[in-house]
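Me: Please go through this protein with me, taking its interior, its pocket and the confidence of the coordinates in turn.

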Amino acid sequence: MKKLALAAALCAAFTGSAFAQSSVTLYGRLNTSIEFQDNDVSDATVMKNNASRWGLRGSEDLGGGTSAFFQLESGFGSDDGTGTGGFGRDAYVGLKSATLGQIKLGKIALGALYGSTIDYIGVFNHDTGTTSEDNIYSLRVGFSNAVEYTSPNFGPVSFAVTVAAGEGTGPKTYEGVVNYDVDGLHIGAGYSKSEDQFGNDTIKGFSAGAAYTMGPFLLGLAYENSDDAVLGKRNQVTGTVQYTVGASEFHVSVGWADEWDNLADSDAIQYTLGYNYNLSKRTKVYAFYYAIDNNSFPYGGSGTATLPVLADNKFSSIGLGIRHNF
């Protein structure tokens, strides 16, 4: 009995130590809307999944201010319950040090440059669904076979560098971003360059974003200058305003893109009027009106709007939705 008691005590001590030093969290988000969409050719009332996902994230304390971490994230259809299989959004492992920064290896759904610029100001519906601010964003968003290093903070300044291997047929991408964060002000700016398997540039450009919180107001502004190997150069600017009173949020977003150098009448303007009501820290209901006039180039709604966003046609959507985080 004494031996059994000793073994049980040692086992309890060992498992207690392990749980104290590592953790795994299940998390996710369901975001579903009902929308009336119109693209000047046809209209439809649809139920929309807005980038719903679930995932696992965990970390292990390695001592000395260093930890190992991982994240696995998969998207699924909250409208019909379908899934893609595997972890198509995030699948990376990394190391983090308080003094040396952190490094990630694997598939990264949202790159550091995107996250610090256009995505940072996408505050209405987290840059997802029909109303995405990045409908007119051209540079790469996520990466497979990637290495991303993020520096520690040097006062208000930090930076990140990402390299994504082409692995034969996919685009190789190199990008970097510098961030400045202090007293409710965020500024991020950086450069991205993608190449095909032969080393030829496919798209490259500069992106910057800023957000400032001032009492109940949040003001956001993002800019992108992109250079596509086929279409040429183009500028886009997006501005957002959020006003919060109690549990209510009022949102206005306007995005503008000028013509690609090599494609006439390819400018576009999009805007969103939105309202969020926070039922709790995890759950909100929302309503919006979204519209885009995209002339001869099919900007906007790519992969998000149920009806195709056609060239030479205006597209609009009126929606009601629920978003719940867990």
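**Core, pocket and confidence**

Me: In the largest nonpolar core, which strand supplies the largest share of the residues?
Reply: This is a predicted model, and its largest nonpolar core has 15 residues, with Ile136, Phe288, Tyr290, Ile292, Tyr299, Val309 and Phe315 having the most contacts inside it. The largest share of this core, four residues, comes from one strand, residues 283-293, namely β16.

Me: How many residues does the second, separate core have?
Reply: Apart from the core that includes Phe315, there is a separate one, among whose members are Ala112, Tyr137, Val177 and Ala211. The number of residues in this second core is 12.

Me: Which element gives the largest share of the lining of the second largest pocket?
Reply: The space in this pocket is about 370 Å³, and of its 13 lining residues, Lys104, Ala112, Gly115, Ser116 and Glu148 lie nearest the centre. At least two lining residues come from each of β6 (101-108), α2 (112-116) and β7 (143-150). The largest share, three residues, is that of α2.

Me: How many charged residues are in the lining of the second largest pocket?
Reply: Sorted by class, the lining has five nonpolar and six polar residues. The charged residues there number two.

Me: Over which residues is the pLDDT below 50?
Reply: The protein averages a pLDDT of 90, and 92% of the residues score at least 70. One stretch, however, has zero contacts in the model beyond near neighbours in sequence, and its pLDDT is below 50. Where pLDDT is low, predicted coordinates should not be read in detail. The stretch in question is residues 1-20.

Definitions and conventions. Residues are numbered from 1 along each chain as its sequence is written. This is a predicted model: local features need pLDDT of at least 70, side-chain atom pairs count only at pLDDT 80 or more; totals for chains, interfaces and linings use all residues. Side-chain values use heavy atoms; hydrogens and water are left out. On a 1 Å grid over the protein atoms alone, a cavity is a set of points where a 1.4 Å probe fits but cannot get out, and a pocket is an open set with protein on both sides within 12 Å along at least five of seven lines; lining residues have an atom within 4 Å of a point. Grid points are joined across faces, edges and corners, and a volume is the space filled by probe spheres set on the points. Ala, Val, Leu, Ile, Met, Phe, Trp, Tyr, Cys and Pro count as nonpolar, Asp, Glu, Lys and Arg as charged, and the others, Gly among them, as polar. A nonpolar core is a set of buried Ala, Val, Leu, Ile, Met, Phe, Trp, Tyr and Cys residues joined through side-chain atoms within 4.5 Å. Buried means under 20% relative accessible area, exposed over 50%, partly exposed in between (1.4 Å probe, protein chains only). pLDDT is the predictor's confidence in each residue, from 0 to 100. Contact means heavy atoms within 4.5 Å.
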